[in-house]
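Q: Could you take a close look at one part of this structure for me? I'd like to hear how the strands come together, and then what else is worth a glance around them.

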Amino acid sequence: MRTLVIVAAALVWFPASAAAQSASAGQVRVSPPRTQDGRPNLNGIWQVLNTAAWDIQDHPARLGVPAGQGVVEGNDIPYQPWALAKKLENFKNRLTADLMDAKGFLPGVPRIMYMPFPFQIVQTPKYISIISEYSRAVRIIYTDGSTHPRGPIEFWMGDARGSWEGDTLVVDAVHFNGQTWFDRAGNFHSEALHLVERFTLIGPDHINYEVTVEDPKVFTRPWKMSMPLYRRKEPNVRILEYEAGLLILEEEARRQEEQERGR
């Protein structure tokens, strides 16, 4: 009876009409929900459940930072010697050197994808928008077959062009400004950053997000990060507002006012 209940529950969760037998692996492959043009439906509000925003590598707890397991493949970032020294310097000066925290600037990519804020994916046949709760940051991924504009161009969030490889959205991103970091631990890149992101819907409420990082000015070879994105399921969930730059200005004004009162 217990086995029948489990099987019945599985059939409810993964309808038989959506399943196809994989002859090579002997496993059931579930077809993802699709948009009207037949692509996997990525629409919804998503969020990570990790600590990569603080440090993309394994790290212990410290004041204000939760302990976490890294999202870097092999937990190794292949810095060139000078760049490793720069990363360590960034860590020492992170409270003022990280322009996102110190000035409220945009966090860049891929950092925006694993910050502790939800983001909404809006999918159309010609482009996909990723709208973050953090500072109203918006990414536009063009899937209309267009190519990157001629550079050099230094955008905070880069320029993204996407295409579909089967059921995986593959995004090529270039034209970054070199002023953003990967995390609050000082991991950084240059304006030569090149990203290849892969979004694969692996269930009704999970996207596998993988990004390959290439920057010949900073790293000795390409390297990868990967993590699941989780669909927010609350009935009334929506993107709210977190205007980082405005909050920093308000805090600075408050401090200045307190100093004036103390004179």
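A: Let's start with the chain as a whole, keeping in mind that this is a predicted model. Among contacts in the chain with a separation of 6 or more, 55% are between residues 24 or more positions apart. As for burial, 40% of the 263 residues count as buried. The secondary structure comes to five helices and eleven strands.

Now for the strands you asked about. Nine of them close into a barrel, and going round you meet them in the order 3-4-5-6-7-8-9-10-11, with mixed pairing. On average, neighbouring strands of this sheet are turned by 30° against each other, if you ignore direction. As a reminder, strands of a sheet pair through backbone hydrogen bonds, and they can do so parallel or antiparallel.

The spot to zoom in on is where strand 3 meets strand 11, the two ends of that order. Strand 3 covers residues 44-47 and strand 11 covers residues 223-231; the two run antiparallel and are joined by two bridges. If you want a residue pair to centre your view on, try Gln-47, which stands opposite Tyr-230 in strand 11.

While you have the model open, have a look at the second largest pocket too, with its volume of about 240 Å³. Its lining takes in Trp-54, Leu-63, Gly-64 and Val-65, along with Arg-62, Arg-94, Arg-184, Leu-95, Asp-98 and Asp-101. Sorted by character, that lining has five charged residues, four nonpolar and one polar.

Key. Residues are numbered from 1 along each chain as its sequence is written. This is a predicted model: local features need pLDDT of at least 70, side-chain atom pairs count only at pLDDT 80 or more; totals for chains, interfaces and linings use all residues. Side-chain values use heavy atoms; hydrogens and water are left out. Two strands pair if DSSP finds at least two bridges between them. Helices (H or I, at least four residues) and strands (E, at least two) are DSSP runs, numbered from the N terminus. Axes are lines fitted to C-alpha atoms, for helices over the stretch in contact, and angles run from 0 to 180 degrees between N-to-C directions. On a 1 Å grid over the protein atoms alone, a cavity is a set of points where a 1.4 Å probe fits but cannot get out, and a pocket is an open set with protein on both sides within 12 Å along at least five of seven lines; lining residues have an atom within 4 Å of a point. Grid points are joined across faces, edges and corners, and a volume is the space filled by probe spheres set on the points. Ala, Val, Leu, Ile, Met, Phe, Trp, Tyr, Cys and Pro count as nonpolar, Asp, Glu, Lys and Arg as charged, and the others, Gly among them, as polar. Buried means under 20% relative accessible area, exposed over 50%, partly exposed in between (1.4 Å probe, protein chains only). Contact means heavy atoms within 4.5 Å.
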